[in-house]
Amino acid sequence: MYGGGGATGVTVERKASLSLLLHGSVSRSRVRESEVPLEILSFVPFHVGMVYHGSIPAPNSYSDPIPFYRSLLRSCALGHSPPSFGRQLHAALLKSALLLLPSLSAALFHMYAAAGPPSAALRAFHHLLPTSARSPVAWTALISSHAALPARAVRLFRAMRRAAIPPDVVTLLAFLSASARLGHPAAAASAHLLFLKLGLPFSVPARNAAIDAYAKCGRMPDARRLFDEMHCPTVVSWTVLLSGALRREGLASGREVFDRMPQKNEVSWTVMVACCIEAGLPREALSLLSQMLFLDISVRNLNHISLCSLLSACSQAGDLTVGRWIHAHFTKTGLFSDGHLLMVRTALVDMYAKCGRIDTARRLFEIMPRRNLVAWNAMLSGLSMHGMAAEVLKLFSRMVAEEALQPDDITFVGVLSACSRSGLVEQGEKFFHELGTVYGLKPKVEHYACMVDLLGRAGRLEEAEALVREMPVLPNEVVLGSLLASCSLHGKLDLGRRLMEELVQMDPHNTEYHVLLSNMYASSGRHFEADGLREAMRRKGIRKAPGISFIEVNGQVHQFSAGDKSHPQAREVHAMLDEVVQRLRMAGYVPDVASQIPRAMDNYLENWEEREQALLVHSEKLAICFGLISTRPGLPLRIFKNLRICTDCHAVIKLISDIFGREVIVRDRNRFHCFRKGACSCSDYW
DNA sequence: ATAGGGTTAG
């Protein structure tokens, strides 16, 4: 905890030094920085949590220690050395009393401002710099270090004004950037006006920052006006405008700016990529990648942010081939700082997990020299998606007990969803309880969603519903939708109908709720009601989203939709499907028609055989048949489906995995299913 | 100096 004694010198914590030896990092404090008010942070003694490691290079008798330490601190500030090394330098400087030199204490402060967390920059500002040394440059560095906490950055700027320290152009840029992140229209305008008030030149970077601030605050007309006044807008001006147009006016408008840009750099391309990811269009993002490489940008120009965005697109699209290609490129370029390496490695862990290579993800995670909370969360969520609840629980306790890391709400989403997916009801309830009592977090709607899912799936629907009604936050669509899915699983028609009414009000055009309830009616033999729902869907003009399955063979992604005959090898695929169905029937398989296709769905599906046929040509079955004819026997098949896998396909793939001796890994909308020897990793619980 | 950012429940 903060604020332990006021002793001087270096405290050596055994646990922390062990962690440092193992992973090169010092255990973090249990107090979340965002919860500590500014006033308190400034009184925290500086040496707390610091470790003297003994591996600091010492200046020899020929070198002057001042430039020696200054250059080391600079290398930390630039991110060439890990933050732990910076803290060790601090300890060494304390020990040798060199910190009494103003030039070194200033250099140390700038190291923390550039490379440390904002709280460290703030503490360094208060403890290392006497009031006389708090120059405009120091204040600016402090404000800039709070980029991730814009509200505090703005408060610090006001404090600087109160202290009568004159801001310069760079200070105003930092203030503009904080106002932009804050998103307050008035803040953007006042930052803009300060240039005039203080008589500072409104240079091109300043104008770019102002355009950005207006765009981020939703004042696109002001942003466009500032842009149009420019004689020769730079790539940054264009990119700022592009990002604003995308965010505020959508992909329709952003594309236009993008096409009008006279030149583009890797940042402009990445803005487009990031927008596609946000819009859930990962394939468009990857197509942008190939255009970018074809047109003007070399892969060598891609930095950590571009790589992370592209890897995220691979995760979303399930594209292992491109993901691996990016990985290969990343290993060949050695120009990343320690913190940037950590980010890309985390994105790689996420990519491998979401592309079905959970073992690779795990190996990568284990050899990471340093891991932050995001890395742990990525690994936990990945394992959870694969239904590996036992691993999730082991990893969680390792994270909390050995690493002394404070989990956050995303960690708990991972842990609780793992319990829910594996039916670990008591464990889940325990974690949900500890979330508040042990870890001091407030349960959010996401956590309630996990708990409702956990109870509902386990058939404890009354408790699940009670939880929904008594939760302090308003239940959202996810919560109610999950409860509806549980009703469908356990045939609770009455509750299902009530939930459906609420859900349709929240989202009148959603198809899944209609389909879920209609299928519930159908499987309980109430075809009249099922048909009525389908009719209602038709009336509202909403259709079930078509199921699409992707399979990767030899680095090529092949796509199938239900009944698809457009694939070049469609004939062979359908011939294989006939053979598969024949062999499955011999093993006792009966298509589960009743639950799947309500009678009135399509009038032409009049007889049973046709309805059966519609079920047998589901996209995932076609993709698997293609996999069977185009890969060597015994090799695993990896399928990616945009919707949830249906009951019949699930049963079929189990049989295929046994009869054809193939491992089949399916990523559906919710999770992974790994089929082996007639069983699925989800234990039929999904 | 200004632009782009990895982890999130059905």
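What pLDDT does chain A average? In this predicted model, chain A averages a pLDDT of 84. A score of at least 70 is reached by 89% of the residues. Residues 1-54 are another matter, with a pLDDT below 50. Even so, this stretch has 104 contacts in the model beyond near neighbours in sequence. Where pLDDT is low, the predicted coordinates should not be read in detail.

Helix H12 spans residues 220-228. Its buried residues are Met-220, Asp-222, Ala-223, Leu-226 and Phe-227. These residues cover an arc of only 160° around the axis, so they lie on the same side of H12. Pro-221 and Asp-228 are exposed on the other side of H12. The buried residues of H12 pack against three partners: helix H10 (185-197), helix H11 (204-216) and helix H13 (235-260).

DNA strand B is surrounded by 40 residues. The closest are Asn-208, Lys-216, Met-343, Glu-446 and Tyr-513. Of the atoms of DNA strand B that come within 4 Å of the protein, 46% belong to sugar and phosphate. The surface near DNA strand B comprises 18 nonpolar, 14 polar and 8 charged residues.

Side chains of the protein approach both bases and phosphate of the strand. An N or O atom in the side chain of Asn-208 is 2.7 Å from a base oxygen of DNA strand B. For Tyr-513, a side-chain N or O atom is 2.8 Å from a base nitrogen of the strand. Arg-421 faces a phosphate oxygen instead, with a side-chain N or O atom at 3.5 Å.

Conventions:
Residues are numbered from 1 along each chain as its sequence is written. Chains are lettered from A and ligands numbered from 1 in the order in which they are written. This is a predicted model: local features need pLDDT of at least 70, side-chain atom pairs count only at pLDDT 80 or more; totals for chains, interfaces and linings use all residues. Side-chain values use heavy atoms; hydrogens and water are left out. pLDDT is the predictor's confidence in each residue, from 0 to 100. Contact means heavy atoms within 4.5 Å. Buried means under 20% relative accessible area, exposed over 50%, partly exposed in between (1.4 Å probe, protein chains only). Helices (H or I, at least four residues) and strands (E, at least two) are DSSP runs, numbered from the N terminus. The arc is that of the directions from the helix axis to the C-beta atoms. A residue is near a molecule or strand if one of its heavy atoms lies within 4 Å of it. A polar contact is a pair of N or O atoms within 3.5 Å; within protein, one must be able to donate a hydrogen and the other to accept it, and residues adjacent in sequence count only if both atoms are side-chain atoms. Ala, Val, Leu, Ile, Met, Phe, Trp, Tyr, Cys and Pro count as nonpolar, Asp, Glu, Lys and Arg as charged, and the others, Gly among them, as polar.
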